[in-house]
Amino acid sequence: MEYFATTSKASRRAVDCVVVGVYARNRLGIGAEDVDTASKGEIKKRIKSGDISTSIGRCTILTNVPGVKADRVAVVGLGKSGKLTVTGFKKAVTAVAQAISRTKAKSVLTCLTLEPVVDSSSYYLARHTAEAVHDVLYRFTQMKSGRKKKGSPLKTIGLAVAKRSDATKAKLGAEHGEGIAAGVSLAKELGNLPANVCTPSYLARTAKKLAAGNGKLTTKVLNESEMKRLGMGSLLSVSAGSAEPAKLIVMQYKGAGNDQPVVLVGKGVTFDTGGISLKPGPAMDEMKFDMCGAAGVIGTMAAVAKMKLPINLNVVVPAVENMPSSTATKPGDIVKSMSGQTIEVLNTDAEGRLILCDALTYSRRFKPAAIIDVATLTGACVVALGAHRTGIMSNSDELREEIFGAGETAEDRGWPLPLGDEYAAQLKSNFADMANIGGPGGGAVTAGCFLGKFTDGLNWAHLDIAGTAWKSGAKKGASGRPVPMLSQVLLARCGALP
Ligand code: BES
Ligand code: MN
Ligand code: ZN
């Protein structure tokens, strides 16, 4: 997508579609006011007649509006005037993008970026516009045969700004929005691919391709024998039943000399059958999404590389397939992690933590400024927070707050969950240093506590994205979360925000 920022008026620009907003009680947004004046009252007339709704996110497309140079005017409801939030703004942009994508419009000028939005700025309005548009236009088509439906022809988006100094900020917002959207799209694509295509080796190849031709980015992939030599008995116990070889993917982006890196670790279970503790059949297909942690951190790396951020970022992905077979790990088996701690595998379906613990131990070598793991880790987190917020756990109040705040700003929200000795005690084992499950209560937290046993002395946070990484039902598909949240953390850390 191409963007430009402009101070020209809604009615004066010859684009395929101009976007304006209207508020409840006949209040017009800045662009709508101009279109209304130029057209001698068309907008107000149609609000009165009920053909235009002012409810937030309701969009009407008008054609042949007199006095307006654009072919179409998309009018979207923005709700109560003076009360527009970023969430409402994004909802409106999403509705507009959906409506416009059904037309043949190639060039658009949006005047919504002129509206006063609570706690926002031209930078964020432009960025959220870009992110929302890409979110709407995304289609997963690579597995469909036959003649593919053409994507939307939309190519250029103009962002209306009030003054020249806002133009620079809007342009930067659009550029960052494009970077984040590219990361989100990659994460969606990897998540949506079926497990017979998106194997651990496929993830590894994708990570290598990302690094090819980027001087700041390198990818290295460890195979099973290398992992065995490192003592990753826990990770390897998960892939023991699978014909697909496990991979440890290590990506390093150097944008800031010798600074300590931020390290992102992503759960890459390319399919989770549960192993010998086999999952029930219904909806098991959705366990192809059990690598969305990996997709999220690789997507974030793609975003950072595209935005060329001045930061050092490492991504570590333990990638495995969790299968039952005669070589699979059995309930009660005891494995030794890279840290030296032993684990009694009471349930082979609690496999995410078994691969993450070795990836976390491996990551110590990078002396991370902060380390954040991302995982579709527990059904219990879905019970606790639903599909709306990612669970955030951390051994540092500061880091947890930082991530929480980034989620709010990026419109990719999380919510804190506790950690603590009383929960960790649920992981006691009679036979090994710990068990891999903590019993029926507080499953998201005991999973976090398990990881906490491998992050002593690290500035660490754990994101449980089991509820947020994909949508079920008719709109089944990966969400690309938490790429926006993580990108926001990194943008803020490296001082790239205006
Ligand atoms: N990948 C699942 C978690 C999951 C389940 C994510 C459903 C999204 C939707 C994970 O590997 C798992 O199976 N966790 C178990 C842990 C339990 C055995 C302690 C779970 O949540 O049931
Ligand atoms: Mn599982
Ligand atoms: Zn899993």
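1. Here, a residue counts as near a molecule if one of its heavy atoms lies within 4 Å of it. Keep that cut-off in mind for the ligand, and keep in mind too that this is a predicted model.

2. Let's start with the company ligand 1 keeps. There are 16 residues around ligand 1, and those that come nearest are Lys279, Asp290, Asp349, Glu351 and Gly379. Sorted by class, the shell around ligand 1 has 7 charged residues, 5 nonpolar and 4 polar.

3. Which residues put a polar side-chain atom by an oxygen atom of ligand 1? Lys279 does, with its polar side-chain atom 2.8 Å from a ligand oxygen. Asp272 does too, at 2.9 Å from an oxygen atom of ligand 1. Gly379 makes its approach through the backbone instead: one of its backbone N or O atoms lies 2.7 Å from an oxygen atom of ligand 1. As for cover, ligand 1 taken alone exposes 520 Å², and 76% of that is buried by the protein.

4. Where does ligand 1 sit? The second largest pocket is the place. Don't mix that pocket up with the second largest cavity, which comes up in point 7.

5. Now to the enclosed spaces. How many cavities of 30 Å³ or more are there? The count comes to 2. The largest cavity has a volume of about 120 Å³, and the second largest holds about 80 Å³ of space.

6. Have a look at what surrounds the largest cavity. Its lining is made up of 10 nonpolar residues and 2 polar ones, with no charged residues. Among the lining residues are Val19, Val93, Ile100, Leu112, Val133, Leu154 and Ile157, and Thr110 and Thr129 are there as well. Three elements each supply at least two residues of this lining: helix 3 (86–101), strand 5 (107–110) and helix 4 (122–137). Which element gives the largest share? Helix 3 does, with 4 residues.

7. The second largest cavity has a lining of 13 residues. Ser237, Val238, Asn322, Thr329 and Thr348 are the ones that lie nearest its centre. By class, the lining of this cavity splits into 6 nonpolar, 6 polar and 1 charged. If you're browsing the model, set that beside the largest cavity, where the lining has no charged residues.

Key: Residues are numbered from 1 along each chain as its sequence is written. Chains are lettered from A and ligands numbered from 1 in the order in which they are written. This is a predicted model: local features need pLDDT of at least 70, side-chain atom pairs count only at pLDDT 80 or more; totals for chains, interfaces and linings use all residues. Side-chain values use heavy atoms; hydrogens and water are left out. On a 1 Å grid over the protein atoms alone, a cavity is a set of points where a 1.4 Å probe fits but cannot get out, and a pocket is an open set with protein on both sides within 12 Å along at least five of seven lines; lining residues have an atom within 4 Å of a point. Grid points are joined across faces, edges and corners, and a volume is the space filled by probe spheres set on the points. Ala, Val, Leu, Ile, Met, Phe, Trp, Tyr, Cys and Pro count as nonpolar, Asp, Glu, Lys and Arg as charged, and the others, Gly among them, as polar. A polar contact is a pair of N or O atoms within 3.5 Å; within protein, one must be able to donate a hydrogen and the other to accept it, and residues adjacent in sequence count only if both atoms are side-chain atoms. Accessible areas come from the Shrake-Rupley method with a 1.4 Å probe; for residues, only the protein chains shown count as cover. A molecule sits in a cavity or pocket if more than half of its atoms lie within 2 Å of its grid points.
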